[in-house]
Amino acid sequence: MTAVVNNYGREIKWTWEHGLMPGHVADGVDVVAQAQMIRLDTRRGSCPGAPNDGIKLTEFLHGEMTPANLGRIPGVIRTELLKDDRVRSVDVALVPDGRGGYSLRIDGVAKYGETYSLILPVADLTVGKVLGA
């Protein structure tokens, strides 16, 4: 039997809802997935040593948007997430929730072929009114 190699290390668990969770550990591809969430919750320029990384979704999505701007969001987020060299590919989609808001769906493939999926409740992040919708 071949042992599974953990290529991504271990870190303190972090969740979108609770932030850091001392006493809980993330390992394997979960480390990559949680790094993607942290990247989406970090203001650009606020991380020493990585001044061009981060996209604070609460700020990025706040305010009124045109349908064209809303359509560009997945590409902007995808570009940000691909900065992580542990990520081979990522698909990003805004999915209507049926109540006037959206969820952000991220399906990724990590460096060694592991897959992960994230669904972030964008409605909870105060997506501004979509103009012309």
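**Two helices and a sheet**

Colleague: Helix 1 and helix 3: is their crossing left-handed or right-handed?
Modeller: The crossing of helix 1 and helix 3 is right-handed. Bear in mind that this is a predicted model.

Colleague: At what angle do the axes cross?
Modeller: Roughly 125°, and the axes of helix 1 and helix 3 come within 10 Å.

Colleague: Why would you call helix 1 and helix 3 oblique to each other?
Modeller: Roughly perpendicular stops at 115 degrees and roughly antiparallel means over 145. The helix 1–helix 3 angle is roughly 125°, so the two are oblique to each other.

Colleague: Which residues meet there?
Modeller: From helix 1, Gln36, Arg39 and Leu40; from helix 3, Ile77, Glu80 and Leu81. By class, that contact has 3 nonpolar, 2 charged and 1 polar residues.

Colleague: And what does helix 1 lie across?
Modeller: Helix 1, residues 29–40, lies across strand 3, strand 4 and strand 5, and runs at about 35° to strand 5.

Colleague: What about helix 3, which strands does that one lie across?
Modeller: Helix 3 (residues 67–81) lies across strand 3 and strand 4, at about 155° to strand 3.

Colleague: OK, the sheet itself. What's the strand order?
Modeller: The order is 3-4-5, in an open sheet of 3 strands with antiparallel pairing. Strand 3 (87–96) and strand 5 (115–120) are the edge strands, each pairing on one side only. On average, neighbouring strands in this sheet are turned by 15° against each other, ignoring direction.

Colleague: How many bridges between strand 3 and strand 4?
Modeller: Strand 3 and strand 4 (residues 102–110) pair over 9 bridges, in the antiparallel sense. To pick one out, Ser89 has Val109 in strand 4 as its bridge partner.

Colleague: Switching to the N-terminal strands: how do strand 1 and strand 2 pair?
Modeller: Antiparallel as well: strand 1 (residues 10–15) and strand 2 (residues 19–27) share 6 bridges. A hairpin of 3 residues joins strand 1 to strand 2. Trp14 has Leu20 as its bridge partner in strand 2.

Colleague: Last one, Thr42. Where is Thr42 found?
Modeller: Thr42 sits in the loop between helix 1 and helix 2 (57–60).

Colleague: Buried or exposed?
Modeller: Buried. The cut-off for that is under 20% relative accessible area, and Thr42 has 19%, so it counts as buried.

Colleague: What is Thr42 in contact with, leaving aside neighbours within four places in sequence?
Modeller: Thr42 contacts Gly54, Ile55 and Lys56 once those neighbours are set aside.

Terms used
Residues numbered from 1 in each chain as written. Predicted model: local features only at pLDDT ≥ 70, side-chain atom pairs only at ≥ 80, totals over all residues. Heavy atoms only, no water. Pairing = 2+ DSSP bridges. Helix = DSSP H or I, 4+ residues; strand = E, 2+ residues; numbered from the N terminus. Axes fitted to C-alpha atoms, helices over the stretch in contact; angles between N-to-C directions. Contact = heavy atoms within 4.5 Å. Buried < 20%, exposed > 50% of the residue type's maximum accessible area, 1.4 Å probe, protein only. Parallel < 35°, antiparallel > 145°, perpendicular 65-115°, else oblique. Left-handed = near helix turned anticlockwise from the far one by under 90°. Nonpolar A, V, L, I, M, F, W, Y, C, P; charged D, E, K, R; others polar.
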